[in-house]
Amino acid sequence: MSDRQRHHVRALTPPAAVSRLATCVLAPNPGPMTLDGTNSYVLRAPDSAGVVVVDPGPLDEAHLARLAEFGTVELVLLTHHHGDHRDGLARFAELTGAPVRAVDPAFCVGAGPLVDGERIAAAGLAIEVLVTPGHTADSVCFSLPDDAPHGSVLTGDTILGRGTTIIADPDGALGPYLGSLERLRELGRARSGHVAVLPGHGPVLQDLGDICDEYLAHRAERLEQVRAVLRGLGADPADPETVAGVVDTVYAETDAAVQPAAEASVRAQLAYLREHG
């Protein structure tokens, strides 16, 4: 690493141990869609020399270099294909020589795609794969059942540390997203205590079951708001112009910087209503 890179590393937010098995390394890419930045996670058992890295994040040399400094990278995992999580993926694989696994084979390097329900053994850990489509078609979560005290789940953008995520229509879809939330809620309720949420953006949350309840309630409320607008406008959910009318009413206070995200979510909501009524 160059002296310039070392100076940049020192200027970045220090890595933070967020659980017994996970350290969060915040990428320097804050913004309206990324909150404080992308959370890259370094996972390892306490006695392991090797590590697993989840979501290397943007193509930022200093950020990738400090991820590589944690130890021998045995495996790289990707929660989904959005650029703020994977733009640095190819470069990080080059730096470390580690295999990369994702749901989408297009982002795998030297290994096969992730399979729902499989159990990965790496860096002294057991990592359970939960395919959770909705935010994107290729979204996946990773459960650490042995994390103290009652386990943790890395949720990517399926659940955020603040606010709620978008449904990235047409890649994402609301029906699968609701199903993914219900699956995660069941996981949270199945444990004897609170399962921690390690999100792709924002702070760690302490109860997976409760946050899934909140997310599901929010989605139900949004759908009812959209239905009310459709009734008031006499609009057809299949009409492309309906999107603008719904956004102007339901998302009237949305920052202009995230307007495209609001439009994508509305398209997903209208598609869901066309299918389910």
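Which residues line the largest cavity? Here are some notes to get you started; keep in mind that this is a predicted model.

1. **The cavity lining.** To take that opening point: the largest cavity is lined by Asn39, Tyr41, Val54, Asp55, Thr79, Leu154, Thr155, Gly156, Leu198, Pro199 and Gly200. Strand 3 (39-43), strand 10 (152-156) and strand 11 (196-199) are the elements that give two or more residues to this lining. Strand 10 has the largest share, with three residues. By type, the lining splits into five nonpolar, five polar and one charged.

2. **How much space is in there.** About 30 Å³ lies in the largest cavity. If you go looking for others, a search of the whole structure turns up one cavity of 30 Å³ or more.

3. **The largest pocket.** Now for the open kind of space: the largest pocket has a volume of about 640 Å³. It is lined by 29 residues, and those closest to its centre are Met33, Thr164, Ile166, Val258 and Ala261. Helix 6 (208-233) is one element to look at here, as helix 6 and helix 8 each supply at least two residues of the lining. The mix for this pocket is twelve nonpolar, ten polar and seven charged.

4. **Helix 7 against helix 8.** Helix 8 turns up again in a helix pair. A pair of packed helices is described by the angle between the two axes and the distance between them. For helix 7 (residues 242-250) and helix 8 (residues 259-276), the angle is about 115° and the axes are 9 Å apart. The crossing of these two helices is right-handed.

5. **Who touches whom.** On the helix 7 side of that contact you'll find Thr242, Val243, Val246 and Val247. Across from them, helix 8 brings Gln259, Ala262, Glu263, Val266, Arg267 and Leu270. Sorted by type, the residues of this contact come out as six nonpolar, two polar and two charged. As for the spacing along the chain, an α-helix has 3.6 residues a turn, so residues three or four places apart point the same way.

6. **Helix 2.** Is helix 2 (residues 61-68) mostly covered or mostly exposed? Mostly covered: six of its eight residues are buried. The buried ones are Ala62, His63, Leu64, Ala65, Arg66 and Leu67. Do notice that His63 and Arg66 are on that buried list alongside Ala62, Leu64, Ala65 and Leu67.

Note on methods: Residues are numbered from 1 along each chain as its sequence is written. This is a predicted model: local features need pLDDT of at least 70, side-chain atom pairs count only at pLDDT 80 or more; totals for chains, interfaces and linings use all residues. Side-chain values use heavy atoms; hydrogens and water are left out. Axes are lines fitted to C-alpha atoms, for helices over the stretch in contact, and angles run from 0 to 180 degrees between N-to-C directions. Helices (H or I, at least four residues) and strands (E, at least two) are DSSP runs, numbered from the N terminus. A crossing is left-handed if the near helix is turned anticlockwise from the far one by less than a right angle, and right-handed if clockwise. Contact means heavy atoms within 4.5 Å. Ala, Val, Leu, Ile, Met, Phe, Trp, Tyr, Cys and Pro count as nonpolar, Asp, Glu, Lys and Arg as charged, and the others, Gly among them, as polar. Buried means under 20% relative accessible area, exposed over 50%, partly exposed in between (1.4 Å probe, protein chains only). On a 1 Å grid over the protein atoms alone, a cavity is a set of points where a 1.4 Å probe fits but cannot get out, and a pocket is an open set with protein on both sides within 12 Å along at least five of seven lines; lining residues have an atom within 4 Å of a point. Grid points are joined across faces, edges and corners, and a volume is the space filled by probe spheres set on the points.
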